[in-house]
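Colleague: Please go through this model with me. I will ask about the backbone, the burial of a few residues and the packing.

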Amino acid sequence: MTKLSLHDVTHRYPARGRRGSIEALGPVSLSVGDGEFVAIIGPSGCGKSTLLRLIAGLDGPSAGQISLNGRRVTAPVPECGMVFQQFALFPWLSVRRNVGFALRPGMAREKTVDRLLDAVGLAGFADQFPAQLSGGMQQRAALARALAPDPEILLLDEPFGALDQQTRGLIQEMLEALWRTARRTMLLVTHDIDEALYLADRVLVMSARPGTILKEVDVPFPRPRAPTQRTDSAHAALKGRISDILRAEVMASMESSRDDRDI
């Protein structure tokens with residue numbers, strides 16, 4: 001069953017210092033199935049993060065239509081949870097209160113928070129404040145907070161980009177296990193091809209700005225995914241295919257940036 005659909009979506013924003021606008025995205029058409037994990041990868045500045053903001057209803061498309069559960073998205077969508085690269089925790093609240101921020105007080109909230117803190121390995125840090133946690137722990141807390149209201153769709157915008165390689169790998173494994181348990185629809189924006197192939201059912205490769213979907217790559221690896229998948233020859237071959245597409249688009253993106261400076 002289709003959970004999310006986009007039809008000919010475009011987005012433009014005003015050009016700084018001159019008249020007119022810059023076409024940032026589109027047209028983009030895609031559909032995401034209920035419970036599917038989709039990764040979006042592409043050059044910097046191609047509109048990946050903009051695409052997530054449009055899906056969440058935080059910004060409106062310049063043209064086209066976005067639908068969630070068959071209903072057109074015209075305002076912020078409460079069914080969407082978001083996790084950003086910046087941890088975005090409230091520094092004056094404990095981990096427990098951060099995770100439960102969007103929930104009503106009561107036993108149900110406490111049980112939900114306890115369950116999620118246990119799932120992300122933070123049960124022993126519930127009363128700590130964000131400044132007392134490592135970067136990886138803060139991002140796990142942010143993930144638990146996004147999951148607390150039981151969103152129908154989880155949007156992840158480079159959530160592990162600020163983490164060291166070892167921590168990043170461990171949280172990827174945790175997220176893959178959480179997805180298998182909850183089977184929520186997830187969209188992940190990432191620059192990391194290995195990450196996309198490890199987590200997703202399908203990878204969407206975007207073009208340079210204005211970003212469009214160049215290629216849809218089905219990920220054939222069975223679940224549960226093992227960390228050793230990254231050293232498998234099939235993984236390496238699929239990574240090579242995506243890398244070849246991205247290299248050409250990154251070069252195009254660099255040329256586009258030079259053109260913009262010359263205008």
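**Backbone, burial and packing**

Modeller: At 38% relative accessibility, aspartate 8 counts as partly exposed, the class between buried (under 20% relative accessible area) and exposed (over 50%), with a 1.4 Å probe and protein chains only. This is a predicted model, where local features need pLDDT of at least 70 and side-chain atom pairs count only at pLDDT 80 or more, while totals for chains, interfaces and linings use all residues. Residues are numbered from 1 along each chain as its sequence is written, and side-chain values use heavy atoms, with hydrogens and water left out.

Colleague: What is the phi of aspartate 8?
Modeller: Most residues other than glycine have a negative phi. Aspartate 8 lies in strand E1, where strands (E, at least two residues) and helices (H or I, at least four) are DSSP runs numbered from the N terminus. Aspartate 8 is not a glycine, yet its phi is positive, at about 50°.

Colleague: Is glutamate 158 buried or exposed?
Modeller: Glutamate 158 sits in the loop between strand E7 (153-157) and helix H5 (165-182). Its phi is also positive, near 45°. With a relative accessibility of 10%, glutamate 158 counts as buried.

Colleague: Which residue does a cis peptide bond join to glycine 26?
Modeller: Most peptide bonds are trans. The bond in question has an omega of about 5°. The partner lies in strand E2 (residues 21-33), and it is proline 27.

Colleague: Where is proline 210?
Modeller: The peptide bond from arginine 209 to proline 210 is cis, with omega near -5°. Proline 210 is placed in the loop between strand E9 (202-206) and strand E10 (213-218).

Colleague: Which residues is threonine 10 in contact with, leaving aside neighbours within four places in sequence?
Modeller: Threonine 10 belongs to strand E1 (residues 2-14) and is buried, at 8% relative accessible area. Contact here means heavy atoms within 4.5 Å. The partners of threonine 10 are Leu25, Gly26, Pro27, Pro61, Ser62 and Ala63.

Colleague: Which residues touch the most other members of the largest nonpolar core?
Modeller: A nonpolar core is a set of buried Ala, Val, Leu, Ile, Met, Phe, Trp, Tyr and Cys residues joined through side-chain atoms within 4.5 Å. The largest such core has 48 residues, and its largest share, seven residues, comes from helix H4 (residues 135-147). The residues that touch the most other members are Leu143, Val203 and Ile242.

Colleague: What is the relative accessible area of glutamine 138?
Modeller: Glutamine 138 is in helix H4. Setting aside neighbours within four places in sequence, it contacts Phe87, Leu89, Pro130 and Leu133. Glutamine 138 is buried, and its relative accessible area is 15%.

Colleague: Why are the buried residues of H3 on the same side?
Modeller: Helix H3 (residues 107-119) has 13 residues and reaches 18 Å from its first C-alpha to its last, close to the expected 18 Å, which is 1.5 Å times one less than the number of residues. In H3, Thr112, Val113, Leu116 and Leu117 are buried. They lie on the same side of H3 because, taking directions from the helix axis to the C-beta atoms, they cover an arc of only 125°.

Colleague: Which exposed residues does the face of H3 turned away from its buried side carry?
Modeller: The cover over the buried residues of H3 includes helix H2 (95-99) and H4. The face turned away from that buried side carries Met107, Ala108, Lys111 and Asp118.
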